[in-house]
Amino acid sequence: MYTDSTSLMNLRDRIEYIRHREKELRLFNVDPTDAIHEDLGAYFETLNVRITAERTASGAPEDVAVLSDATEVLAVVDVANLRELLDDVPTGASQLGIADGKYEDVLRHLKETTFTSYDRQQLLYASREIEDRARRVGQGSIHAGFQRCSVMADQQSVYTDLARRGVSVHAYGVPDATPPDLGSGHLHAISTDEIAETWFVVFDGGGNETQKTALLAHEHDENAYYGSWTYDPGLVDHVLAHLGQTYDSAPDDVLSGL
């Protein structure tokens, strides 16, 4: 699944890679007055799924939905089942990764996968969720890119606490100001475009594959981001490998235990 070319990607390349793994849910021959198209759009609002509606010349198949990616059909389900899904399963980013046997044909292709958002609030939510996950696990490593060292002060208590609980903390930023004390955490003060333009939070799962999570967001304009987050352990491993290979080899830029 992950090729040599994938391993050579920088952080911005990885954001685009996740973006282009979008899935499509096509609704065939659904009553045009039916609101399910909008309802599904709201349900899948942060998942990397595009909802479309299509009518065939014959009118068949009727009320059928097809979930596919760029290469294959993943599932075919009755629209009636999707209506039940909307009624039975809570929406929102807090439900990412859910599994419900009743809807397994659809949900198994969405859990432990990738999600995208242009919404800064959604990206903030994802950051907090990853930090909370690391806190609950209490081991492993978390890597957080703040773009600038001056921004780290707002999250100093969060990352100092993670380090105190046994999580190996790595914070990255362009050295535009004196960085805060992160306890036993490691500060990577690095002046590169990638660090300056990318907001990221990556947790290695603390030895548990199911806990691996990564958020990557690129600032394409002032305070305007395009971001992706993923529960895919392979993608998380590749991001961690990139950070290690690119920045751990620059000892002059790294200050530990400030």
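A residue is called buried when its relative accessible area is under 20%, exposed when over 50%, and partly exposed in between. The exercises below use this predicted model.

**Exercise 1.** Decide whether Tyr-226 is buried or exposed.

*Solution.*
Step 1. Locate the residue: Tyr-226 belongs to strand S11.
Step 2. Take its relative accessibility, which is 8%.
Step 3. Compare with the cut-off: buried means under 20%, so Tyr-226 counts as buried.
Step 4. Add a distance. Thr-198 is 28 residues away from Tyr-226 in sequence, and their C-alpha atoms are 9.8 Å apart in space.

**Exercise 2.** Asn-29 has a positive phi, and so has Asp-63. Work out where each residue lies and how accessible each one is.

*Solution.*
Step 1. Phi is about 55 degrees at Asn-29, which is not a glycine. Asp-63, not a glycine either, also has a phi of about 55 degrees.
Step 2. Asn-29 sits in the loop between strand S1 (23-28) and H3, whereas Asp-63 sits in the loop between S2 and S3.
Step 3. With a relative accessible area of 3%, Asn-29 is buried. The value for Asp-63 is 28%, so Asp-63 is partly exposed.
Step 4. Look again at the loop between S2 (49-54) and S3 (64-68): Pro-61 is placed there. The peptide bond leading from Ala-60 to Pro-61 is cis, with omega near -5 degrees.

**Exercise 3.** Explain why the buried residues of H3 line one face of the helix.

*Solution.*
Step 1. List the buried residues of H3 (residues 36-43): Ile-36, Leu-40 and Tyr-43.
Step 2. Look down the helix axis. These residues fall within an arc of 55 degrees, so they line one face of H3.

**Exercise 4.** Describe the largest nonpolar core and the largest pocket.

*Solution.*
Step 1. The largest nonpolar core contains 27 residues; among those with the most contacts inside it are Leu-123, Tyr-159 and Trp-199.
Step 2. Elements that each supply at least two residues of this core include helix H6 (120-137), helix H7 (156-164) and strand S9 (198-203).
Step 3. Follow one member: leaving out residues up to four places away in sequence, Tyr-159 touches Glu-131, Ile-142, Ala-144, Phe-146, Val-169, Leu-182 and Val-201.
Step 4. The largest pocket holds about 350 Å³ of space. Its lining has 20 residues, and the closest to its centre are Arg-120, Leu-124, Phe-146, Val-151 and Trp-199.
Step 5. H6, S6 and S9 are the elements that give two or more residues to this lining.

Methods
Residues numbered from 1 in each chain as written. Predicted model: local features only at pLDDT ≥ 70, side-chain atom pairs only at ≥ 80, totals over all residues. Heavy atoms only, no water. Buried < 20%, exposed > 50% of the residue type's maximum accessible area, 1.4 Å probe, protein only. Helix = DSSP H or I, 4+ residues; strand = E, 2+ residues; numbered from the N terminus. Arc of directions from axis to C-beta. Core = buried A, V, L, I, M, F, W, Y, C linked by side-chain atoms within 4.5 Å. Contact = heavy atoms within 4.5 Å. 1 Å grid on protein atoms, 1.4 Å probe; cavity = no way out; pocket = protein on both sides within 12 Å on 5 of 7 lines; lining within 4 Å. Points joined across faces, edges and corners; volume = space filled by probe spheres on them.
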